[in-house]
Amino acid sequence: MRRPAAPAASAVAAAPAAAALLLLALLPLSDLSAQVTAIRAGRLLDPEAGTVSTNQVILVEKGKFTAVGANVAIPRDATVIDLSDLTVMPGLVDAHNHLAITYKEEPESNVYYFTYVMDPTPLRAIQAASNGMQMLNAGFTIVRDMGNAGNYADAALRIAIEQGWLPGPTIINSGIIIGGMGGQFWPTPEMAKDHNIVYPEYLDADTPDEIVKAVRQNALFGAKVIKICVDCKPWGYTADEIRLFIAESAKIGLKVEGHVQTVDGARRAIEAGIWSIAHDVGLNDEMHKGMAAKGIFRAGTETPIALTGHTNPQRYERTVSGLRNAWENKVPLTFSTDADYYVPGKNRGEVAIEFIETWKAAKIPNADVLRAMTVNGFRVSETEKTRGPIAVGMIADLIAVRGDPLESIDALRDVRFVLKDGMVFKRDGVMTPAEFFHGGPVNGWRIR
Ligand SMILES: [Zn+2]
């Protein structure tokens, strides 16, 4: 993703203006983009192994890692970024966020149906762009954006980031959540049958034909994962219907996440072999054992107690013990927030990182919290072979923090540096996104 223009600017920074112009005129773009960035990492954290190596050098070229190690020679003309005082590590993943909605106390009393009515999709898309940058600022380089995004504001955000219009996390978006009629709401006939009143943001699919069509519609409009309401209604989807979702999505190369809120729903989703389950309310010891046996990801959306109004002490206690039980059962855990609301005084990234408190309360070892936030996040997003790990050939995303997150997970609260697609987004604790902005997409206008 590294665009030619930005490296050219740094390559010629030291040259006299006339020579710079000559250089620009003579060099083909491919040579300009071959500028090497060398990062000196005082400590380099490998979350897979749960280890830290010291004094490492990481080379980045054309937006990808080209060398990582202690004895890597820094090319003479490389741009050097000195992070010797920091711990460098892969970017974080939020496996369940809603960037294109922000409901709040005023004026909608935290009822997000009213947000649908009041905030049109273009505004929601701009909110999503802002929330995406706030997440990237907090170190989240990948976000799975799981619905409630108006009329595909999530796809607009993903495509805009891929085209290079603005910085943001890599987005794995679900399009519109598919459910039986009504989705997570109980609409009036006026809403549901004629859509004469703003309809809740769900795709109705009550029959096999409608299931196939809904999956194809989301794929057509840019979804990269399919999200379904397994049991938002008492009738919900059967295991066979969930299998149909999985089979139809697989034809398009997409996985299926289930919103699950009952034990029965969880049982059917697990029986069908769903990819990931969102929310923890339907997950007990038996369900966790089933998920571990089938390798089903848990996106438990474990709201911390500090986010007053979005959980309560009894609920939080169940959340903490459920997370602990999932870890004891070796369920593939992901870090997920379900962030879709405004918390006074906090931006979206600060809301998301607050969720480490629940993991601390569940006494999950820091190494496993880090694996949930990185390695398993890459796997649930299916990016593990293209981006995520700091390894040769991977797209160059990384973050750096003070201290050692293996010792204290709170180190993640102060992300000092963010590299995304080989470009610096944050440096010395300050967002510096200028390199990402430009007059037109160099890359990707054919991409959907
Ligand atoms: Zn959600």
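## A quick tour of a predicted protein chain

Start with the surface: this protein chain exposes about 18,400 Å², and carbon and sulfur atoms supply 56% of that area. Keep in mind that you're looking at a predicted model. Here's the overall build, followed by a few spots to visit.

**The whole chain**

- The secondary structure of the protein chain adds up to 16 helices and 17 strands.
- Along its principal axes, the C-alpha trace spans about 70 × 45 × 45 Å.
- The radius of gyration is 22 Å, which agrees with the value near 22 Å that a compact globule of 448 residues would have.
- Of the 448 residues in the chain, 56% are buried.
- Take the contacts between residues at least 6 apart in sequence: 70% of them join residues at least 24 apart.
- There are 45 positive and 51 negative charges, and the mean positions of the two groups sit 4 Å apart.

**Glu201, a buried charge**

- You'll find Glu201 in the loop that runs between helix H7 (189–192) and strand E9 (202–204).
- Glu201 counts as buried because its relative accessibility is 10%, and the cut-off for buried is under 20%.
- Its side chain makes a polar contact of 2.9 Å with the side chain of Arg124.
- The side chain of Glu201 also reaches the backbone nitrogen of Gly150, at 3.1 Å.
- Setting aside neighbours within four places in sequence, Glu201 is in contact with Tyr116, Arg124, Asn148, Ala149, Gly150, Ile176 and Ile177.

**Helix H10 and its cover**

- Helix H10 takes in residues 263–272, and its buried residues are Gly265, Ala266, Arg268, Ala269, Ile270 and Ala272.
- What covers those buried residues includes helix H9 (239–251), strand E12 (276–278) and helix H11 (285–294).
- Just after H10 comes Gly273, with a positive phi of about 80 degrees.

**Ile356, fully tucked away**

- Ile356 belongs to helix H14, which covers residues 356–361.
- With 0% relative accessibility, Ile356 counts as buried.
- Not counting residues up to four places away in sequence, Ile356 touches Phe335, Met373, Ile409, Asp410 and Arg413.
- For a sense of scale, Ile356 and Trp235 are 35 Å apart in space, C-alpha to C-alpha, and 121 residues apart in sequence.

**The loop between E5 and H4**

- Some background first: most peptide bonds are trans, and most residues other than glycine have a negative phi.
- The loop between strand E5 (92–97) and helix H4 (112–118) is home to Pro107.
- A cis peptide bond joins Glu106 and Pro107, with omega at about 5 degrees.
- Ser109 is in the loop between E5 and H4 too, and although not a glycine, Ser109 has a positive phi of about 50 degrees.
- At 46% relative accessibility, Ser109 counts as partly exposed.
- Asn110 has its place in the loop between E5 and H4 as well, and its phi is near 60 degrees, a positive value in a residue other than glycine.
- Asn110 counts as partly exposed, with 28% relative accessibility.

Technical notes
Residues are numbered from 1 along each chain as its sequence is written. Side-chain values use heavy atoms; hydrogens and water are left out. Helices (H or I, at least four residues) and strands (E, at least two) are DSSP runs, numbered from the N terminus. The radius of gyration is taken over C-alpha atoms; the globule rule is 2.2 Å times the number of residues to the power 0.38. Buried means under 20% relative accessible area, exposed over 50%, partly exposed in between (1.4 Å probe, protein chains only). Contact means heavy atoms within 4.5 Å. Accessible areas come from the Shrake-Rupley method with a 1.4 Å probe; for residues, only the protein chains shown count as cover. Lys and Arg count as positive and Asp and Glu as negative; His and the chain ends are not counted. The place of a charge is taken as NZ of Lys, CZ of Arg, CG of Asp or CD of Glu. A polar contact is a pair of N or O atoms within 3.5 Å; within protein, one must be able to donate a hydrogen and the other to accept it, and residues adjacent in sequence count only if both atoms are side-chain atoms.
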